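Let's take a friendly walk through this model together. The headings below go from the chain as a whole to single residues.

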Amino acid sequence: MRILMIHLKEIKYWAVEEAIENPPDPPSKYEGNDCVVGFISVEEEDTLDLSHDAALELAQHANRFKLNCIVVYPFAHLSSSLADPNKAVSILKSIEEELKKMGYTVNRAPFGWYKGFSITCPGHPMCELSRTITSSKGPYYIKDSNKITIKEAIDKKILDSSILNNPWDNDSIGTQEKFGILSNGLNSIGKYLINSLTEWFNYKNNVENVSIYSGTHKDIYGIDGLSSVIKSCLDMGRYVKDQSVEIQGLIPGSEILIFPFKTDRSRLNDIINELMPGIINDTAEIKSSSQNGFNIPYDINYDLDLILYKSRNGGLVLLGGFGTVRDNSITFLGPIRNVASSLIDYGLKMADKGTTPSLPFWLSPYQVAIIPVKESHEEYAKEILNEVFSIGIRVYYDPPGKSLGTRIRAAGKSWVPIIAVVGDKEKESNTINIRKRWLQGSQEVLQLDEFYNELKMLKSQSPLNRPISPPVS
């Protein structure tokens, strides 16, 4: 099946005369605005089960422009190997029904008629998209010009079997949840972390203006996830020339950033490693291309180098890549959710080796925890809280409802960079007792002015100007 999908401002068609004897549809006409039209040729070998894939492609193209109107238009001129009319019209009707089930307003042009039509296209780069849909979906692995199944590639040790493994163990999942990265989405802290990483990647690549589109990836892990993310990158990468884009997936936090230039492994390593030094040592590289390596069937040539993180649980998680798509040079980072989860997972690897894990101070959702020992210290602690907040530091206050040790441990489990404790001695001497997470085992007493000046210095070193309000979950 061949489909030409076009975003149209206006479309008009009208039946003129019969193209076949006893056409299965009655003559009709239609006028519509702001819709996606799919000009479709149903071919000899097409089967009814392909209608779902065709409907999904049309729906995804409509979603890119936030449109609800889709026109299914029989168009024999895309192929010289056409299915018989009965099969063709049954598949077209099935595509129509699939789209209606998805909630779209659908018009299907009559089959078996010569039709007159006029269209108006807005002409932006993403207006037109073509697809060839067959029952052979892949993915495959291409080695020495031979296409083999992924299972064969893994059995022959051509492809790392870790790609099949569940990437996260229970400890990693639990810690990710503390950072707001949930199995079914993100809470406010998770959104803060994802947004911060997205902004930082744009900052590191000197990008200010980003266009946002809907992507097609509904999985982000394993073979299905790798295939799904690559397809989203190819869908958009073929059009990226001067403008960077953000592709939003179906999973919250699975945004992918695509930049219109090609980098190299060293540059991408540096960007990722700056977030958590050493993480790049636990990565692998996979070639994905229309000619060799991991391959998904696609209608244009592409050549990508993918960087994947090796998780604590023995899985592989895609972090980004670079290469060419239809002669366009691209670099991509994400899904961002993968990057955030991998930083957390790598931190747990560090903890396994006896090193306290920490995120960069600027990236931590909460940067300082203020903890009074007793109720008699609350007034002093709140004065400090207000001053820290006024500096622009993301700070939270943990009152003495639980034991001091419990509250300190809770801040530690949330990887808060600075834990500040105040008791009798601190109140009497106008000081504060702090623990810095990035200095393992450190504990020092500072005058308040010293403490505030250090926070101002840390804030000045931040690469991002983030909101000062703490992201309360």
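## The chain as a whole

A residue is called buried when its relative accessible area is under 20%, exposed when that area is over 50%, and partly exposed in between. By this yardstick, buried residues account for 55% of the 473 residues in the protein chain. Keep in mind as you read that this is a predicted model.

The protein chain has 12 helices and 23 strands. Its C-alpha atoms fit in a box of roughly 100 × 50 × 40 Å, taken along the principal axes. If you look at contacts between residues at least 6 apart in sequence, 73% of them link residues at least 24 apart.

## Two helices that cross

A handy way to look at helix packing is this: two packed helices are described by the angle between their axes and the distance between the axes. Here, helix H5 (residues 188–204) meets helix H8 (residues 336–352), with axes that come within 9 Å and cross at roughly 105°. Angles of 65 to 115 degrees count as roughly perpendicular, so H5 is roughly perpendicular to H8.

On the H5 side, the contact is made by Leu193, Ile194, Leu197, Thr198 and Phe201, while H8 brings Ile336, Arg337, Val339, Ala340 and Leu343. Sorted by class, the contact of H5 with H8 has eight nonpolar residues, one polar and one charged.

Just ahead of H8 there is a backbone feature to look at. Most residues other than glycine have a negative phi, and most peptide bonds are trans. The bond that joins glycine 334 and proline 335, however, is a cis peptide bond, with omega at about 0°. Proline 335 sits in the loop between strand E18 (328–333) and H8.

## A cavity and a pocket

Rolling a probe the size of a water molecule over the atoms shows where empty space is left. How many cavities of 30 Å³ or more does the structure hold? There is one, and the largest cavity has a volume of about 30 Å³. Its lining is made of Ile163, Ile220, Tyr221, Gly222, Leu226, Leu308, Leu316, Val317 and Leu318. Helix H6 (222–237) and strand E17 (316–325) each give at least two residues to this lining, and E17 has the largest share, with three residues. By class, the lining of the largest cavity has eight nonpolar residues, one polar and no charged ones.

The second largest pocket has a volume of about 440 Å³. It is lined by 23 residues, and those closest to its centre are Pro74, Phe75, Ala76, Trp113 and Lys115. Strand E2 (29–41), strand E3 (69–74), helix H2 (85–101) and strand E5 (113–120) each supply at least two lining residues, with the largest share, four residues, coming from E5. The lining of this pocket has 18 nonpolar, three polar and two charged residues.

## Residues to click on

Start with serine 162, in the loop between helix H3 (150–155) and helix H4 (170–178). Is serine 162 buried or exposed? Buried means under 20%, so serine 162, with a relative accessible area of 18%, is buried. Leaving aside residues up to four places away in sequence, serine 162 touches Gly314, Gly315 and Leu316. Leu316 also helps to line the largest cavity.

Asparagine 68 is in the loop between helix H1 (50–64) and E3, and is partly exposed at a relative accessible area of 40%. Not counting residues up to four places away in sequence, asparagine 68 touches Gly103, Tyr104 and Thr105. Asparagine 68 and glycine 103 are 35 residues apart in sequence, yet 7.9 Å apart in space, C-alpha to C-alpha. Glutamate 128, in strand E6 (residues 128–132), is partly exposed at 46% relative accessibility. Beyond residues up to four places away in sequence, glutamate 128 touches Met5, Ile6 and Tyr239.

## Two aspartates with positive phi

Aspartate 34, in strand E2, has a positive phi near 50° although this residue is not a glycine. Its relative accessible area is 32%, so aspartate 34 is partly exposed. Aspartate 327 likewise has a positive phi, of about 70°. Aspartate 327 is found in the loop between E17 and E18 and counts as exposed, at 77% relative accessibility.

Definitions and conventions:
Residues numbered from 1 in each chain as written. Predicted model: local features only at pLDDT ≥ 70, side-chain atom pairs only at ≥ 80, totals over all residues. Heavy atoms only, no water. Axes fitted to C-alpha atoms, helices over the stretch in contact; angles between N-to-C directions. Parallel < 35°, antiparallel > 145°, perpendicular 65-115°, else oblique. Contact = heavy atoms within 4.5 Å. Nonpolar A, V, L, I, M, F, W, Y, C, P; charged D, E, K, R; others polar. Buried < 20%, exposed > 50% of the residue type's maximum accessible area, 1.4 Å probe, protein only. 1 Å grid on protein atoms, 1.4 Å probe; cavity = no way out; pocket = protein on both sides within 12 Å on 5 of 7 lines; lining within 4 Å. Points joined across faces, edges and corners; volume = space filled by probe spheres on them.
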